[in-house]
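Visitor: I should like to learn how to read the interior of a protein model. Where might we begin?

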Amino acid sequence: MKVLLAGATGAIGTPLAARLIAAGHEVTGLTRTESGAKRLSDAGVEPVVADAMDRSALLHALDGRAADAVVHELTALAKPPTRHRDMAQTNRLRTEGTRNLLEAARLVGARRFLTQSIALGYGYTDHGSRTLTEDDPFGGVPQGPCAPHVAAMAENERLAFTAGGIEGVSLRYGLFYGGDMSLLVGMLRKRRLPVPSGVDHPLPWIHLDDAAAATAAALTRGEAGTAYNVVDDEPCSWTQMIAATAEAFGTPAPRAVPGWVLRLAAPYAAVMVLDTAMRVSNAKAKAALDWEPAYPTYREGTRALTPS
């Protein structure tokens with residue numbers, strides 16, 4: 001297939017592009033910068049320089065091109081978000097950006113549209129001991145400071161599923177880990193990546209390589225109008241993940257801080273780490289996409305982060 005990949009230089013876009021090329025697809029990558037274009041060219045991806053938030057410039061840059069599918073992997077998260085305002089541009093990419101990319105899909109003649117979503121769209125709250133599936137309410141009517149984030153996730157899926165003549169598929173990823181860990185490891189070495197004391201809530205995670213594998217599978221096997229939870233087999237808490245990462249890289253153990261300190265310093269992260277607990281099923285993705293995570297839990301995944 002000819003694939004237009006938006007976010008091709010990003011955390012998931014990089015391994016996804018490599019996997020698509022290895023599978024024999026032709027990949028055109030969207031990037032905003034000339035330096036990004038060089039990175040794509042070096043990786044065997046044909047670059048297109050345009051900003052997905054600039055509708056006119058995007059359509060102009062793609063005029064005359066053809067693609068069978070568009071994959072939306074754009075975020076504005078160069079580092080982990082700590083405050084709610086850090087999510088503002090990503091929320092726009094999930095709404096305005098999705099609209100623009102759907103117009104681009106029509107322009108290039110694409111019939112498939114895959115979009116990045118996230119399991120947190122089930123709600124930043126304690127979901128108890130039950131395991132969430134794709135049949136559970138997604139988007140809902142949330143209250144509080146997380147409302148814009150959840151609303152953007154819901155709108156992203158709605159747009160993808162209701163685009164006439166285009167087969168929309170949504171990947172509800174767990175929290176990412178893997179890839180370039182230098183930023184997090186640097187923070188761990190300086191003990192600037194704390195964990196909350198006395199809180200151990202389960203959260204869904206997915207290694208970036210496994211997320212890329214599931215996305216590549218969804219390109220050909222995903223059912224139109226359908227969402228898939230792309231998470232590993234076992235949830236783990238923020239504390240477990242960060243402690244395991246510190247052990248893998250041989251850094252000092254993370255500092256434990258009271259919850260109120262985390263709420264003051266990083267209010268967005270605090271809602272996720274202190275208030276959210278969710279177990280999410282990946283059974284549908286495994287069955288429909290013929291996919292299995294290479295790293296079933298954070299234990300295998302964090303051990304694979306460093307050379308043996």
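**Reading the interior**

Guide: Let us start with one polar pair: in this predicted model, the side chains of S117 and E157 make a polar contact at 3.4 Å.

Visitor: Where is S117 found, and is S117 buried or exposed?

Guide: S117 is found in strand β5, residues 112-118. Burial is judged from relative accessibility, with under 20% as the cut-off; S117 counts as buried because its value is 2%. Beyond its neighbours up to four places away in sequence, S117 touches F138, M153, N156, E157, S170, L171, R172 and Y173.

Visitor: How should one read a nonpolar core?

Guide: In soluble globular proteins, nonpolar side chains tend to be buried together. Here the largest nonpolar core has 38 residues, and L120, Y124 and W205 have the most contacts inside it. Elements that each supply at least two of its residues include α5 (147-161), β8 (175-177) and α8 (238-249). The largest share, seven residues, comes from α10. Another core, of 31 residues, lies apart from this one and has V3, L40, A69 and Y173 among its members.

Visitor: Which residues is L120 in contact with, leaving aside neighbours within four places in sequence?

Guide: L120 is in contact with V150, M153, L175, Y268, M272, T276 and M278.

Visitor: Which residues of α8 are buried, and what do they pack against?

Guide: The buried residues of α8 are W238, M241, I242, A244, T245 and A246. They pack against β8, α6 (182-189), β9 (195-196), β10 (205-207), α10 and α12 (298-303). With 12 residues, α8 reaches 17 Å between its first and last C-alpha, close to the expected 16 Å. G250, with a positive phi near 70°, follows α8.

Key. Residues are numbered from 1 along each chain as its sequence is written. This is a predicted model: local features need pLDDT of at least 70, side-chain atom pairs count only at pLDDT 80 or more; totals for chains, interfaces and linings use all residues. Side-chain values use heavy atoms; hydrogens and water are left out. A nonpolar core is a set of buried Ala, Val, Leu, Ile, Met, Phe, Trp, Tyr and Cys residues joined through side-chain atoms within 4.5 Å. Buried means under 20% relative accessible area, exposed over 50%, partly exposed in between (1.4 Å probe, protein chains only). Helices (H or I, at least four residues) and strands (E, at least two) are DSSP runs, numbered from the N terminus. Contact means heavy atoms within 4.5 Å. The expected span of a helix is 1.5 Å times one less than its number of residues. A polar contact is a pair of N or O atoms within 3.5 Å; within protein, one must be able to donate a hydrogen and the other to accept it, and residues adjacent in sequence count only if both atoms are side-chain atoms.
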